[in-house]
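Biologist: Hello! Could you pick one part of this model and take me through it closely, residue by residue where you can?

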Amino acid sequence: MAAQSKLPTMSAGSIKRLVSDLTSVYLKNRTRISRTMYLTLLIALIHRIRGAVSEQKASSVRQAEARKKGTGPAPAGERKKVELNREFFRNLMRLLRICIPGWRSKELKLLISHSVFLVLRTLISLYVAELDGKLVSHLVRGRGKEFLKGLVWWMAVAIPATFTNSMLSYHQCKLSLQYRTRLTNYIHNKYLSQMTFYTLSALDDRIKNADQLITVDVAKFSNSLAELYSNIAKPVLDMAIYNYSLSRSVGGEGLFFMSLVVQLSASVMRALTPPFGRYVADEARLEGEFRFQHSRLIDYSEEIALYHGQEAEKDTLDKGYFTLIKHVNRILRRRFYHGIMEDFVIKYFWGALGLMLCSVPVFFKVPGVAGNTMGDRTESFVTNRRMLLMSSDAFGRVMFSYKEISELAGYTARVSTLLDVIDDVQAGHFEKKLVSSADTEENAEVLRGRGTVIEGPDIEFTDVPIVSPNGDVLVRALSFSVHPGEHMLIVGPNGCGKSSLFRILGGLWPVYGGTVRKPPFSDIFYIPQRPYLSRGSLRQQIIYPDSVREMRDKGATDADLFRILSVVEIEHVVERQGGWDAEAEWTDVLSGGLQQRVAMARLFYHAPKYAILDECTSSVTLEIERVMYDEAKRLGITLMTVSHRRSLWKYHENILQFDGQGNFVFTRLDAERRLQLEDEKEELDLQLRAVPDIERRIAELTAA
Ligand SMILES: Nc1ncnc2c1ncn2[C@@H]1O[C@H](COP(=O)(O)OP(=O)(O)OP(=O)(O)O)[C@@H](O)[C@H]1O
């Protein structure tokens, strides 16, 4: 296969030179075996010349078209993608390097021992074919003693044969498992570094279901790769050994003629084979989307149930399933017609050719083949027929494996795309559908820019634009600063970019301009409105993302955690849930308010220098809110709060106010004065609303 992948790079001229060299070597060393090899190589090279000539023609057409357009030669990426092209081999090699990382790797050792068993099985089959011929010959000749001896051998061979078969399937499963482990580890290392899991889903459109790719497609790729090796290596080996043995008893010409007819019919079949690889990739994608819709239904079951949204959800699910099934049915139909063609050609047409080949030594004298008695003919016929059956079965499997290679191509394409996109986003290149406003020259200029991020003891934004992943410029140049002890309140209408500011601060979104100065990531802690509760014990909810060992290393104990819980008045949860080690689906077990208190307890456990509180007290009482803010301040945590609650103003020194039109004000917050002004404004608003009624009444009184 490796040789095949290299051959397309040869020009027609160099292949013709190879043919003439080959012919002169053959003419100098004529033997029956070299004749068979010469003819087989000749057929392969004739095929190559055809391929090279058509490739040359296609390439000159491409160049002519490019010249017409004045764009020069087309870059490789723009070429029309075909199933088993160079791209596939390149991707496969890349994945193989991950699955089999080195000469000393366990996978290579497994592959070698698998190959040894493959050779052993072919040799045993060859021996069985000869034994079969001999047994029938002894029967025809009436030699009872030899027949019985042969039968004993037959049974003896069964021991290594059955062991070899079991070892082969064991090796195949083990290899598939090893490949999957290597790939999954490799992908996990990349996917969970540099926040790639976030960037892949939020900042890039190219991968829809990374979860499906990692869990299902990697497993299918590994299976397909392990199966393909035994489904190709064994039949190829079988074909080589059986054809060599056959050529000794039926002659090279017969075998050459048969190979020629088989090659031609195989080429016709290949041309008529639908692109199964693409079908498989599409099917996997549709399966993923369907599964994703179901998992959304589970994730938001409560919200959907309260909206009575089952009809709308059913519509979406039915649509997803219908699209999938329509595609699967299309594949089924194609497979049906393809199956008829395959069966006809491989089983019946090639079977008839095989019978003709077996009859050669019966009707013609083949030089070097001894004896022409009834017994000899029977023995040679039975042996040849068995070898031919096995050889044609092997060839059939190689042919069928074209479908498997196409399927492997489908999985290879999906897994490689995932790796390519991961590499791309890690290098800072994202592809997302932009909003129409991103097309304006002004916004495009912002998007082209790059800002600076520097580490410092405090937080300072200088002329930093806030740009959403789809290119919407929310604020053109934002400037503010937060020094230790100076708590900042952030207010503004929905969607103006309050949370986005934290995404930039947390390094999730790129900095398109200006300068961001911030402390190391470990000094900033984030609490969202809907806190994230991980899987695991109650203890782990409080210390997340620390592990229990990290907690012990920090010198913290369960008693410390209990004290923290008592600050937010939820210490009873420990007993109610059955202790610190109790495990549950915490988002279901704890109410919204309790979850927010757990998140606050988490903040007190970590006690970072800065904390971002994004509407994280919306479900707790004012009293608990006060306790939370007092405790955070006592621990020396500087707070940046997003909230619409007036009750929180008094805890902050500065305010960053957005107007939702791209403008902002950053100033000192005098909570008392601001509250007075707000009260006065509200009163005046009320009076203003009463004016039309007063005017109407005055008019009535004037008229009366
Ligand atoms: N992953 C994303 N992809 C595309 N657009 C996004 C993404 N995340 C946020 N946005 C957009 O960025 C804009 C600002 O979002 P942000 O979450 O900062 O709003 P906010 O001011 O916090 O609003 P709210 O008060 O409603 O929470 C919104 O228009 C939102 O649609």
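Modeller: Gladly; here is a close look at one strand, followed by a glance at a helix for contrast. This is a predicted model, so local features need pLDDT of at least 70 and side-chain atom pairs count only at pLDDT 80 or more, while totals for chains, interfaces and linings use all residues. Residues are numbered from 1 along each chain as its sequence is written.

The strand is β5, residues 515–518 (strands are DSSP runs of E, at least two residues, and helices are runs of H or I, at least four, both numbered from the N terminus). In a regular strand the side chains alternate between the two faces of the sheet. In β5, one face takes Val-516 and Lys-518, both buried (20 or more other C-beta atoms within 10 Å of its own, with C-beta atoms placed from the backbone). Thr-515 and Arg-517 point to the other face and are not buried.

Two strands pair with β5, pairing being at least two DSSP bridges between them. With β1 (residues 452–455) the sense is parallel, over 4 bridges, and here Lys-518 has Glu-455 opposite. With β2 (residues 459–467) the run is antiparallel, through 3 bridges, and Arg-517 is the bridge partner of Glu-460.

Now the helix, α6 (residues 144–191). Its 48 residues should span 70 Å, because the expected span is 1.5 Å times one less than the number of residues; the end C-alpha atoms are indeed 70 Å apart. Buried residues of α6 include His-171, Leu-175 and Tyr-179.

Conventions: Buried ≥ 20, exposed ≤ 12 C-beta atoms within 10 Å, placed from the backbone.
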